[in-house]
Amino acid sequence: MQDKSAFRGPIGVAIHLSFYVLLTASTARYLTYHGFGDRWVVIASLVAVLAALYTVIVVTSRRGAVWQPWVWPILSTWVALVWLAPSFAWTAFPIFFLCTRAFPRWLAFLVVAALAVFTGIEFVSFSGRTEWAVFLAPLCTGALIVLAYGQVERDSAERERLLGELVTAQSRLAETEREAGVLSERERLAREIHDTVTQGLTSALLHLEAAEQVWEQPGPRAREEVHVATASLRENLAQTRDLVHYLSSPDLETQTLEAALLAAARGYVPSAQLRVIGEPAPLPSAVEHALLRITQSAVSNIRRHAHAQTVGVTLTYLPDAVALDIFDDGIGFDVGDRSGFGLTAMRQRVEALGGTFSVESAPGEGTVGAAQVPVGGAA
């Protein structure tokens, strides 16, 4: 199928302009050699009709309408004009271009070949002598035009095919990354539930079963088992609320990232503080979401394990990156001996965005978690 907008752009303008220029120059040449003779009225009429028909093609092609059927009237008028006045044979070259755009390749070859032979004969006719160069020039030019445009069409089709494959590959990659993200989040939640809710319920159930076994026996053991189970359930309820709070993150669409980070931190540690360094700038949504989740996960760990008095979050805007530091003055831990799922999940979030994540801590010296994510021109 031919492109209905094939004559748009600089090439189309050049083809149209060359046609009108050559038609005008051929008219001037005819008048120079023949003047206003007996054929002038017929010649002028054919020139006017040819110009009008070509203008119809220019207008319809630019509007995206069907213009190819108009080529046949143009060719008929042009052949009649050149037959009566060989001076107009010079207009053959833009006509060759027209045929390559209007017809399939095989038909364009045939039509251009016939027109080229006809043009060569007319060139020989008005030159007054037989010159093979004059006869063969239209044939060679027509062949080059058809071959060149055929190659352009093939290159364009190949480029469109490659672009289509690229778009498809990008879509598949995005879908794969989304599925991987969903699976990663599902695995993280499964471990969170296993490490908190499941273990807490299991502990409470064991204590309640132990209480049932000694319920009829004298002594305070049954009551102690119930107290321990009750405490375990309370702790388990608090952990469940933490998990729900983690899932229902502050809305980044209705508040700034800074406000969302502070709200997330204070959801676990009410005394948490936030410090912003640099000029705040818009960040990609994926980066904002990752920073929010890292803050939630880190402060949740601090609350459960660190026994900290002070928790601080620092958000730093750099020229081509954003940095997030979360620190506490808790009991700390040996980084080499700790490979919890929470730290792994935070590191995976940052590395998925092309950033870096590190943790510095030691027993009795508090903890600092640092993430830096490149944002390029977005920051």
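## The five-stranded sheet

In this predicted model, five strands come together as an open sheet, ordered E1-E2-E3-E5-E4, with mixed pairing. Strand E1 (273-277) and E4 sit at the edges, each pairing on one side only. From one strand to the next, the twist averages 15 degrees.

Let's look at the E4 end. E4 and E5 run antiparallel and are joined by six bridges. If you want a landmark there, find Thr-356, which stands opposite Gln-372 in E5. As a reminder, strands of a sheet pair through backbone hydrogen bonds, either parallel or antiparallel.

## Helices across the sheet

Two helices are worth bringing into view. Helix H8 (residues 257-266) lies across E1, strand E2 (311-317) and strand E3 (321-328). Its direction makes an angle of about 160 degrees with E2.

Helix H9 (residues 285-306) lies across E2, E3 and E5, and runs at about 10 degrees to E3. Both E2 and E3 therefore appear in the list of strands for H8 and in the one for H9.## Gly-366, between E4 and E5

Where does Gly-366 lie? Its place is the loop between strand E4 (356-361) and strand E5 (367-374). Gly-366 is buried, because its relative accessible area is 3%, under the 20% cut-off for that class.

Leaving aside residues up to four places away in sequence, Gly-366 touches Asp-328, Asp-329, Gly-330, Ile-331, Gly-332, Glu-360 and Ser-361. Another residue to check is Ala-306: 60 residues separate Gly-366 from Ala-306 in sequence, while their C-alpha atoms are 7.7 Å apart in space.

## Ser-361 and its polar contacts

Ser-361 belongs to strand E4. What does the side chain of Ser-361 reach at 2.9 Å? The partner is the backbone oxygen of Gly-366. A polar atom of the Ser-361 side chain also lies 3.0 Å from the backbone nitrogen of Phe-333.

The contacts of Ser-361, again not counting residues up to four places away in sequence, are with Gly-332, Phe-333, Val-335, Gly-366 and Thr-367. Gly-332 is also among the residues that Gly-366 touches.

## The protein as a whole

Zooming out, the protein has ten helices and five strands. Of its 379 residues, 38% are buried. Among contacts with a separation of 6 or more, 68% are between residues 24 or more positions apart.

The protein exposes about 21200 Å², and carbon and sulfur atoms supply 61% of that area.

Note on methods:
Residues numbered from 1 in each chain as written. Predicted model: local features only at pLDDT ≥ 70, side-chain atom pairs only at ≥ 80, totals over all residues. Heavy atoms only, no water. Helix = DSSP H or I, 4+ residues; strand = E, 2+ residues; numbered from the N terminus. Buried < 20%, exposed > 50% of the residue type's maximum accessible area, 1.4 Å probe, protein only. Contact = heavy atoms within 4.5 Å. Pairing = 2+ DSSP bridges. Axes fitted to C-alpha atoms, helices over the stretch in contact; angles between N-to-C directions. Polar contact = N/O pair within 3.5 Å; in protein donor to acceptor, adjacent residues only side chain to side chain. Areas by Shrake-Rupley, 256 points an atom, 1.4 Å probe, with all protein chains shown as cover.
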